[in-house]
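Subject: Structure handover

Hello,

Here is the structure we spoke about, for you to open alongside this message. My notes on it follow below.

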Amino acid sequence: MGRLKVTGGRPATNGEYNERYLDCAVIQAAHKRAEERYSKSFDTVVGPFGQGSKIYESAMLCDFDHMQICVANQNKIKGCFYERIVDQQSPVL
């Protein structure tokens, strides 16, 4: 029952277009458990998530493996990067 409280009363799932609701719920649950057990909070949490099919038969990597980063304390964000828009008319690509 405690797991459902973390996700708002319903099981979380990952959605389309890289919406990582389940990943977010896992990180939030781990963060909450650490606060309850150790009375400490964390500014950031990073976790690997294995997903998809193996990239070749004996591989340990899958085609959708990724790292999820959760910044729990937004005061720790010093800056961000934006995707560079490439001008197709530019001679330098």
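A search of the whole structure turns up one salt bridge. The partners are Lys76 and Asp43, whose closest N and O atoms are 3.9 Å apart. This pair links distant parts of the chain, as Lys76 sits in the segment after E2 and Asp43 in the loop between helix H2 (21-38) and strand E1 (44-49), 33 residues apart. Side chains of opposite charge can pair when their charged atoms come close. Lys76 has a relative accessible area of 45% and therefore counts as partly exposed. Asp43 is also partly exposed, because its relative accessibility is 33%, and the limit for buried is under 20%.

Please bear in mind that this is a predicted model. The mean pLDDT of the protein chain is 76, with 73% of its residues at 70 or more. Residues 1-7 have a pLDDT below 50, and beyond near neighbours in sequence this stretch has nine contacts in the model.

Overall layout

The protein chain has two helices and two strands, in the order α-α-β-β from the N terminus on. It has 93 residues, of which 15% count as buried. Among the contacts in the chain with a separation of 6 or more, 28% are between residues 24 or more positions apart. The chain exposes about 8500 Å², and carbon and sulfur atoms supply 54% of that area.

Nonpolar patch

Which residues form the nonpolar patch on the surface? They are Val46, Met67, Ile69, Val71 and Ile77, and together they have about 470 Å² of accessible area. Strand E2 (residues 66-71) gives the most to the patch, with three residues. One patch member, Ile77, is placed in the segment after E2. Ile77 is partly exposed, because its relative accessible area is 46% and exposed would require over 50%.

Val71, another member of the patch, lies in strand E2. With a relative accessible area of 31%, Val71 is partly exposed. Not counting residues up to four places away in sequence, Val71 touches Asp43, Thr44 and Ile77. Val71 thus has contacts with a fellow patch residue, Ile77, and with Asp43 of the salt bridge. The C-alpha atoms of Val71 and Phe42 are separated by 8.6 Å, with their positions 29 residues apart along the chain.

Ala72 and His31

Ala72 is in the segment after E2. Its relative accessibility is 40%, so Ala72 counts as partly exposed. Leaving aside neighbours within four places in sequence, Ala72 is in contact with His31, Phe42, Asp43 and Thr44. The C-alpha atoms of Ala72 and Ile27 are 9.9 Å apart, and these two residues are 45 residues apart along the chain.

His31, from that contact list, belongs to helix H2. Is His31 buried or exposed? His31 counts as buried, because its relative accessibility is 15% and the cut-off is under 20%. Outside four places in sequence, His31 touches Ser41, Phe42, Val45 and Ala72. Phe42 therefore appears in the contact lists of both His31 and Ala72, on the criterion of heavy atoms within 4.5 Å.

His66

The other histidine I looked at is His66, which is found in strand E2. His66 is buried, with a relative accessible area of 16%. A polar atom of the His66 side chain lies 3.0 Å from the backbone oxygen of Phe64. Which residues does His66 touch, not counting those up to four places away in sequence? They are Arg20, Asp23, Gly47, Pro48, Phe49 and Gln51. Gly47, Pro48 and Phe49 in this list fall within the residue range of strand E1 (44-49), and Asp23 falls within that of helix H2 (21-38).

When you go through the model, two places to start are the pair Lys76 and Asp43 and the contacts of His66.

Regards

Key. Residues are numbered from 1 along each chain as its sequence is written. This is a predicted model: local features need pLDDT of at least 70, side-chain atom pairs count only at pLDDT 80 or more; totals for chains, interfaces and linings use all residues. Side-chain values use heavy atoms; hydrogens and water are left out. Patches are made of residues with over 30% relative accessible area and no salt bridge: like charges are joined within 9 Å, nonpolar side chains (Val, Leu, Ile, Met, Phe, Trp, Tyr) within 5 Å. Accessible areas come from the Shrake-Rupley method with a 1.4 Å probe; for residues, only the protein chains shown count as cover. A salt bridge is a side-chain nitrogen of Lys or Arg within 4 Å of a carboxyl oxygen of Asp or Glu. Helices (H or I, at least four residues) and strands (E, at least two) are DSSP runs, numbered from the N terminus. Buried means under 20% relative accessible area, exposed over 50%, partly exposed in between (1.4 Å probe, protein chains only). A polar contact is a pair of N or O atoms within 3.5 Å; within protein, one must be able to donate a hydrogen and the other to accept it, and residues adjacent in sequence count only if both atoms are side-chain atoms. pLDDT is the predictor's confidence in each residue, from 0 to 100.
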